[in-house]
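The following exercises ask the reader to work through selected contacts of a protein structure, step by step. Please consult the sequence and the coordinates while following each solution.

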Amino acid sequence: MLPTFCRCGSRVFSSRGYLFATRALQTKVHDHTNNVTQPRDRPQVQAKHIDISDVRKDMPDKEFRPLYLDAQATTPLDPRVLDAMLPYFISYYGNPHSRTHAYGWETEAAVEKARKQVADLIAADPREIIFTSGATESNNVAVKGVARFYKSKKKHIITSQTEHKCVLDSCRALEAEGFDVTYLPVQKNGVIDLKELEAAIRPDTVIVSIMTVNNEIGIKQPITEIGALCHSKKVFFHTDAAQAVGKIPLNVNEMNIDLMSISGHKLYGPKGVGAMYIRRRPRVRVEAIQSGGGQERGMRSGTVPTPLVVGLGAACEIAAQEMEYDSMRITALSQRLIKKINEALPQVVQNGDPKQSYPGCVNLSFAFVEGESLLMALKDVALSSGSACTSASLEPSYVLRAIGADEDLAHSSIRFGIGRFTTAEEVDYAAEKCIQHVKRLREMSPLWEMVQDGVDLKAIKWTQH
Amino acid sequence: MSSFRSKVLSLYRNLIRESKKFNSYSYRTYTLEKVKYEFRENKNVMDAVKLSQLIKKAEDNLQMIRRQVIVGELYGEGHLVIEHHQEKKG
């Protein structure tokens, strides 16, 4: 028996649902450094378990939870973040906009501290940070807000084909309002061509929106160069940095970024909160989408959710401290995964140029294996074939199509998301399982058999039925 | 220095002991690895001011870990498949 299973004397390994946190509650709850009280006798407290079996019948055994390798979809909350948030769920419940009492003052102070923590991570001024519900809202406010505010003078927007759905959909909505949108293609390596961008900028271009790190293939766009180009052409530059903030160094001034979208739950913070950076000098104006009490300087009305914002701030501060350490670990784990899979399996294609990718996002295509069937087989590992937002459809990802991946390879892609809490053991386990199932699925595939026999599949003329 | 030495050693022992109590595999392995890394990284720090800062940080983190271990005990859920895997191997 390994020590991992004997950490708690009161716990029987297989007794799920009956874990009693007696030791914790009887000895530790009063463990304040300056307020030590003797533990009183308390009744045993049962751990809370959530039963969803009436909603979903096919859930795996709770004692055998899958490994989490989907860090691009969302990340677990860092315990340090939860520790910062809990007081604001329990004691400090005031409305940060209440000016007449201490409940409001204490939460307002917490919100302003969080604003500074977010600003510090991207080298901005706290007054340039607006709290939102997440990167989707930030993207909407940035793209639609800027376009609508300046619509009397400028009518053209530039974005790329591999943007997140919320940017593309915002652009579609603007097209319906009479704006002109250029969807820049990307090169085979996933990066946009700066010359094409420069050629696309027109005198009436109001904003360029290009994401920092792609959520499906992890490609990093040349943000500094795009920022410099937009700056020289006097076009606003917005970047959706949801996958990048806290993971790679970002500096809004050095990179000439005018607007930036930040998500809480992609950097080990809480879900349901995000931020938008909006430059003050020279001033960028947006037309608010949401009408209301005029919070966040009128750009985002609605009560600021103090606990979530405190969590976002803590997550940003921790990300700044841990960036080097996380990056070192994640790079090593990413290389370990790719090496293991490549050593065992032929015909594996990495989507997106690895040299220009964020290493925590590894998108691999296993030729002759259908991605969805591989995902089904890999029940022990929580993975995805691409973005969570589009994972309900069986259509191949538009990002993979934009980088020119063949239809069959686009169908066979799996995204491995490595994060702060991923371990080498998890990577090894996932790689082993993946290798085992790819081999098995390929053995069942007639196409794979033909390729092994030396048939060139591209030369075959399939009869249509 | 010797007063620092015993303080640091006891903090290290306590941090390791408390980190092992995390219910969640991810938090447990991360915290253990991180505690060892931080102490190794700073093992040559001799400056008293810097040492006091690091000790304060370690003390705060120890309290945070203790609180979060309790939260994990109350709301944690099952074990990861890999924990059974390791057990089988071991």
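**Exercise 1. Determine whether A:Tyr325 is buried or exposed, and describe the aromatic pair that A:Tyr325 forms with B:Tyr30.**

Solution. The model is a predicted one.

Step 1. The relative accessible area of A:Tyr325 is 4%. The cut-off for a buried residue is under 20%, so A:Tyr325 is classed as buried.

Step 2. The same cut-off applies to B:Tyr30, whose relative accessibility is 6%, so B:Tyr30 also counts as buried.

Step 3. A pair of aromatic rings is described by the distance of the centres and the angle of the planes. For A:Tyr325 and B:Tyr30 these values are 6.4 Å centre to centre and 75° between the planes, and the pair is edge-to-face.

Step 4. The pair crosses between chains: A:Tyr325 belongs to helix 8 of chain A, and B:Tyr30 to helix 2 (residues 25-41) of chain B.

Step 5. Both tyrosines belong to a cluster linked by ring pairs, together with A:Tyr268, A:Phe421, B:Phe22, B:Tyr27 and B:Tyr37.

**Exercise 2. Classify the aromatic pair of A:Tyr150 and A:Phe236, and locate its two residues.**

Solution.

Step 1. Over all chains, the search of the whole structure yields 12 aromatic pairs. In the pair of A:Tyr150 and A:Phe236, the ring centres are 5.1 Å apart and the planes stand at 50°, so the pair is tilted.

Step 2. A:Tyr150 is placed in the loop between helix 4 (135-149) and strand 5 (156-160) of chain A, whereas A:Phe236 is in strand 8 (residues 236-240) of chain A. The two residues are 86 residues apart, and the pair thus links distant parts of the chain.

Step 3. A:Tyr150 and A:Phe236 are both buried.

**Exercise 3. Describe the interface of chain A and chain B in terms of its contacts, its area and its composition.**

Solution.

Step 1. On chain A, 46 residues are in contact with chain B, where 36 residues take part.

Step 2. The size of an interface is often given as the accessible area lost when the parts come together. Between chain A and chain B the buried area is about 4200 Å², and carbon and sulfur atoms contribute 59% of that area.

Step 3. Four salt bridges are found across the interface, and 13 residue pairs are in polar contact.

Step 4. On the side of chain A that touches chain B, at least two residues come from each of helix 1 (22-27), helix 2 (79-90), helix 8 (306-344) and helix 12 (424-444). The residues of this side comprise 23 nonpolar, four polar and 19 charged.

Step 5. Salt bridges between the chains include that of B:Glu33 with A:Arg329, in which the closest N and O atoms are 3.0 Å apart.

**Exercise 4. Which chains, or which parts of a chain, are joined by the salt bridges of B:Arg67 with A:Asp83 and of A:Asp428 with A:Arg336?**

Solution.

Step 1. The side chains of B:Arg67 and A:Asp83 form a salt bridge with an N to O distance of 2.7 Å. B:Arg67 is in helix 3 (residues 48-75) of chain B and A:Asp83 is in helix 2 of chain A, so this pair joins two chains.

Step 2. B:Arg67 is partly exposed at 39% relative accessible area, whereas A:Asp83 is buried at 14%.

Step 3. A:Asp428 and A:Arg336 also meet through their side chains in a salt bridge, at 2.7 Å from N to O. A:Asp428 is in helix 12 and A:Arg336 in helix 8 of chain A, so the pair ties together parts 92 residues apart in sequence.

Step 4. A:Asp428 is buried, with a relative accessible area of 15%, and A:Arg336 is partly exposed at 37%.

**Exercise 5. Establish the surroundings of A:His238.**

Solution.

Step 1. A:His238 is found in strand 8 of chain A and is buried, its relative accessible area being 0%.

Step 2. The side chain of A:His238 makes polar contacts with two side chains: that of A:Asn139 at 3.2 Å and that of A:Ser261 at 2.9 Å.

Step 3. Beyond its neighbours within four places in sequence, A:His238 is in contact with residues including A:Ala142, A:Val143, A:Ile207, A:Leu259 and A:Met260.

Note on methods:
Residues numbered from 1 in each chain as written. Chains lettered and ligands numbered in written order. Predicted model: local features only at pLDDT ≥ 70, side-chain atom pairs only at ≥ 80, totals over all residues. Heavy atoms only, no water. Contact = heavy atoms within 4.5 Å. Buried area = accessible area lost by both parts, 1.4 Å probe. Polar contact = N/O pair within 3.5 Å; in protein donor to acceptor, adjacent residues only side chain to side chain. Helix = DSSP H or I, 4+ residues; strand = E, 2+ residues; numbered from the N terminus. Nonpolar A, V, L, I, M, F, W, Y, C, P; charged D, E, K, R; others polar. Phe/Tyr/Trp six-rings, centres within 6.5 Å; stacked < 30°, edge-to-face > 60°. Buried < 20%, exposed > 50% of the residue type's maximum accessible area, 1.4 Å probe, protein only.
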